[in-house]
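Let's take a friendly look at how charged side chains pair up in this protein. Have the sequence and the 3D view handy as you read.

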Amino acid sequence: MDDAEQINIRSAITKVLPDLPASILDILVETLQSLGVETTEDFHFIQETDLLSTLRPIQARRLVAAWKQTTQTNEGHSQAALSSPSSSTCSSVSLSPSSTHWITPADWVNDFQIPWTKFPEDLMQCLERGKRPSPRLRREMVRIVVTEMMKACASPSTKASTEVAKKITAKYPRSLQDVIAGDVVGLGYHSLVKQLQARIENVKRSSTPRIKKRKQVSDEYDTDEIPAEQRAAMQDTYGCIKWEMKYMPLSETPESQQQKKDKMKALSEQTNFSPGEVETLMKCTYYSQRKEINQGTDLQSLMEEWPFLFQEIGMTVHFQELTGISLKETFLTNVEKKGKRLLDLMRTMCANKSKRILQAVTKLEILRGQLEGCSEDVKDMVLLLLSYFDEKEENLFHYVEQTCLAKEVQVESLPVTPCIIVCGTSCYASRQFMLSVDGKVVNDHIPNFISAICLMFGTYYCLNIHYPVGLGSTLEFLQRCFFMINPEKGTKVETKKNKKQLTVNPRVITLIADLSDQDWRGTC
């Protein structure tokens with residue numbers, strides 16, 4: 001494409017999108033070049049999907065619609081000429097996109113061949129033997145793959161990287177999947193996608209320095225095209241299999257639901273109720289519970305109408321129905337499988353790399369003293385995760401005196417998101433915990449730390465609460481590795497305006513990858 005044609009193409013774009021920032025315009029021109037556009041006449045073959053890696057959907061539609069209208073106008077003016085005998089030799093040539101094959105990003109990814117033969121021999125030995133490559137060999141693999149990808153497409157999208165990572169991981173899952181203690185984390189290839197995209201961005205940055213980081217100058221250019229209301233709904237249903245029940249169970253009526261509800265309210269006043277009876281009643285009334293929660297019933301009313309929902313026995317049942325996962329059982333199973341491995345990683349490699357984590361490890365050793373047991377390990381684990389992700393402890397824990405009662409808690413100092421109230425000077429010294437939501441104490445007697453963590457986490461799902469940005473990484477790591485909730489799309493972290501949300505937090509991916517590599521380190 002010569003300079004004159006490039007000027008024409010830029011002019012055609014700015015005519016439709018006059019307020020498009022220069023940085024986005026540069027990227028869009030390069031995208032069109034990578035698709036094979038050489039003149040403005042080639043615009044006829046561009047489809048909306050070709051532009052979505054650079055533009056928002058509405059912008060892409062406006063551009064494509066304008067170009068099609070221009071083409072149709074030109075065709076109308078030349079209709080007589082096309083029907084004349086002198087131009088009959090061209091009459092058999094169709095200019096419709098459906099009859100001409102153009103290489104779109106989807107096409108090249110489908111045909112892309114992984115360059116296995118270019119991989120170093122020691123890397124292939126690891127892959128073929130089912131061993132995990134060292135970080136050095138993995139980086140070399142990524143460099144080779146990206147070089148070949150960028151020969152096929154100058155600017156591969158995240159979607160393209162995902163498809164390539166999926167192909168590579170599918171062939172050698174034992175060596176490349178994101179696995180911790182035998183459990184596949186997420187879809188198993190998020191860390192490889194992250195590495196591929198990082199390499200692509202590095203190559204693009206060095207080869208095209210004039211392309212600057214895109215700035216979010218206004219809402220119009222926000223890359224997250226999902227409307228706020230829809231995004232909120234996606235976060236509410238994130239990780240759920242039965243978020244909303246359209247129909248009441250056939251065995252139930254409004255009257256029977258109310259009777260069971262009243263029965264539970266009466267049982268909550270007793271100290272010797274039957275746990276089995278409460279579990280059955282909670283399961284039978286799940287329809288009514290979800291209906292009230294999803295309608296936005298205020299917290300105080302929920303506490304009065306469904307008192308067991310905020311106790312371990314009731315929340316466990318509700319969480320199981322909502323997500324298909326046993327809240328405490330799943331957590332404890334994964335603590336047993338992965339807890340020691342995570343603590344070893346934090347106390348060695350992470351502490352050696354970060355002064356902040358080293359200080360946290362030292363502080364926790366002093367606070368813990370000679371205390372032993374699973375509950376103490378979980379305290380170490382959660383507090384070190386907060387340090388690793390550099391998230392503030394006060395966002396998750398609120399400390400009060402050991403003899404403090406619920407009515408004595410200074411609720412104005414509590415966060416609005418679920419918070420564990422620690423009755424003591426530290427998590428290790430406390431023998432009782434409370435749970436607050438929206439500045440209200442919803443459970444004033446939680447006997448141990450593990451129950452407190454499970455109730456805190458379960459509340460986010462049962463009450464449709466988004467993870468706060470200040471705890472997003474810690475909660476997502478617990479969600480994926482210890483509660484085994486790994487949705488393919490979306491996020492439960494509350495969104496920042498003008499900031500694109502990723503399916504998996506990159507910092508969470510890094511820690512997952514480090515844990516996956518831990519057992520394999522030194523084998524290749």
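What follows is a short tour of salt bridges in this predicted model.

## The overall count

How many salt bridges are there? The count comes to 23. A few of them are worth finding in the viewer.

## A pair between α7 and α8

Start with Asp122 and Arg136, whose side chains meet in a salt bridge with N to O at 3.7 Å. This pair ties together distant parts of the chain: Asp122 belongs to helix α7 (residues 121–128) and Arg136 to helix α8 (residues 135–152), 14 residues apart. Asp122 has 37% relative accessibility, so it counts as partly exposed.

## Asp380 and its two arginines

Now hop over to Asp380. One salt bridge joins it to Arg347, with the closest N and O atoms 2.8 Å apart. Here again distant parts of the chain are linked, as Arg347 is in helix α18 (residues 327–353) and Asp380 is in helix α20 (residues 374–388), 33 residues apart.

Asp380 also forms a salt bridge with Arg368, and there the closest N and O atoms are 2.6 Å apart. Arg368 sits in helix α19 (residues 355–368), 12 residues from Asp380 in helix α20.

## Buried or partly exposed?

Is Asp380 buried or exposed? Its relative accessibility is 4%, so Asp380 counts as buried. Arg368 is buried too, whereas Arg347, at 36% relative accessibility, counts as partly exposed.

## The wider network

Which residues make up the network of salt bridges around here? Arg347, Arg368 and Asp380 are linked in it with Glu372 and Asp377.

How values were computed
Residues numbered from 1 in each chain as written. Predicted model: local features only at pLDDT ≥ 70, side-chain atom pairs only at ≥ 80, totals over all residues. Heavy atoms only, no water. Salt bridge = Lys/Arg side-chain N within 4 Å of Asp/Glu carboxyl O. Helix = DSSP H or I, 4+ residues; strand = E, 2+ residues; numbered from the N terminus. Buried < 20%, exposed > 50% of the residue type's maximum accessible area, 1.4 Å probe, protein only.
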